[in-house]
Amino acid sequence: MTVDAEADAVFTTFTDPGRLAAWYWPASYAALYETDPRPGGRFTFRSTGLPSGQNIAVRGIYGEIRRPELLTFIWAWDGDFSPFTQVSVEIKALDSGSSVLVTHSQNMTEQQRDDHLKGWHDCLTRLVEHLAVD
């Protein structure tokens, strides 16, 4: 996908709690974002006050980081006892904007893969919209 922002700004949208809050989960989700974007650093994204009362959270550990081109991390939903999955975010500067490729691998089932695909599609759609007006 292509976004209307420089690569460094895109990288920041994936690592800065304030920037994540602007696009990651739907606006109707109140959420807390904690990040420590360095190899071995941890992150937690936690919803609060969802109408259903079923709050959700994801946590993980950052792996390889090459600002602004690459960010990798392991990923796990709180309460999910499946093995961690792996996410890679590749950002490439273009003449106008940047390309972003998110790969979510090591899914244990097709359902898990499909759920992650839908979730990232929704998130990245919000990212494109956010960066278009930012």
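# Exercises on a predicted protein model

The accessible surface of the protein comes to about 7500 Å², and 54% of this surface belongs to carbon and sulfur atoms. The model is a predicted one.

**Exercise 1. Describe the overall build of the protein: which elements are there, and in what order do they run?**

Step 1. Count the elements. The protein has three helices and seven strands.

Step 2. Put them in order. Starting at the N terminus, the elements run β-α-α-β-β-β-β-β-β-α.

Step 3. Check the dimensions. The C-alpha trace spans about 45 × 30 × 30 Å along its principal axes. A compact globule of 134 residues would have a radius of gyration near 14 Å, and the value of 14 Å for the protein therefore agrees.

Step 4. Add burial and contacts. Of the 134 residues, 36% are buried. Taking contacts between residues at least 6 apart in sequence, 38% join residues at least 24 apart.

Step 5. Add the charges. There are 11 positive and 18 negative side chains, and the centres of the two sets lie 5 Å apart.

**Exercise 2. Work out the strand order of the sheet, and state which strands stand at the edges.**

Step 1. Write down the order. The seven strands form an open sheet in the order S1-S7-S6-S5-S4-S3-S2, with antiparallel pairing.

Step 2. Read off the edges. Strand S1 (2–3) and strand S2 (30–35) each have a single partner strand, so one side of each is left without a neighbour in the sheet.

Step 3. Follow the pairing from S4 to S7. Strand S4 (residues 57–66) is joined to S5 by seven bridges. S5 pairs with strand S6 (residues 85–93) over six bridges. S6 in turn pairs with strand S7 (residues 98–105) over eight bridges.

**Exercise 3. Place strand S5 among its neighbours: is S5 largely enclosed or open?**

Step 1. Look at burial. Six of the eight residues of S5 (residues 70–77) are buried, so the strand is largely enclosed by the rest of the structure.

Step 2. Match residues on the S4 side. Gly60 stands opposite Trp75 in S5, and Ile65 stands opposite Leu71 in S5.

Step 3. Match residues on the S6 side. Ile74 faces Gln86 across the pairing, while Thr72 has Ser88 as its bridge partner.

Step 4. Recall the rule for side chains. In a regular strand they alternate between the two faces of the sheet.

**Exercise 4. Examine the turns and loops: which peptide bond is cis, and where does a residue other than glycine have a positive phi?**

Step 1. Start from the usual case. Most residues other than glycine have a negative phi, and most peptide bonds are trans.

Step 2. Go to the connection between S4 and S5. A hairpin joins these two strands through three residues. Pro68 lies in this loop, and the peptide bond from Arg67 to Pro68 is cis, with omega near 0°.

Step 3. Go to the hairpin of S6 and S7. Four residues lie between the strands, and Gly97 takes a positive phi near 90°. Within the pairing of these strands, Glu90 has Leu101 in S7 as its bridge partner.

Step 4. Continue to the loop between S7 and H3, where Gln106 is found. Gln106 is not a glycine, yet its phi is positive, at about 65°. Its relative accessible area is 54%, so Gln106 is exposed; the cut-off for exposed is over 50%.

**Exercise 5. Compare the settings of Phe45 and Val133: is each residue buried or exposed?**

Step 1. Locate the residues. Phe45 lies in strand S3 (residues 42–48). Val133 has its place in helix H3 (residues 110–133).

Step 2. Apply the cut-offs, which are under 20% relative accessible area for buried and over 50% for exposed. Phe45 has 5% relative accessibility and therefore counts as buried. Val133 has 72% relative accessibility and therefore counts as exposed.

Step 3. List the contacts of Phe45. Beyond its neighbours within four places in sequence, Phe45 is in contact with residues including Leu20, Tyr24, Trp25, Leu32 and Tyr33. Ile56, Ala57 and Val58 are also among the contacts of Phe45.

Step 4. Set distance along the chain beside distance in space. Phe45 and Thr35 are ten residues apart along the chain, with their C-alpha atoms separated by 8.4 Å. Val133 and Asp4 are 129 residues apart in sequence, with 8.9 Å from C-alpha to C-alpha.

Methods:
Residues are numbered from 1 along each chain as its sequence is written. This is a predicted model: local features need pLDDT of at least 70, side-chain atom pairs count only at pLDDT 80 or more; totals for chains, interfaces and linings use all residues. Side-chain values use heavy atoms; hydrogens and water are left out. The radius of gyration is taken over C-alpha atoms; the globule rule is 2.2 Å times the number of residues to the power 0.38. Buried means under 20% relative accessible area, exposed over 50%, partly exposed in between (1.4 Å probe, protein chains only). Contact means heavy atoms within 4.5 Å. Accessible areas come from the Shrake-Rupley method with a 1.4 Å probe; for residues, only the protein chains shown count as cover. Lys and Arg count as positive and Asp and Glu as negative; His and the chain ends are not counted. The place of a charge is taken as NZ of Lys, CZ of Arg, CG of Asp or CD of Glu. Two strands pair if DSSP finds at least two bridges between them.
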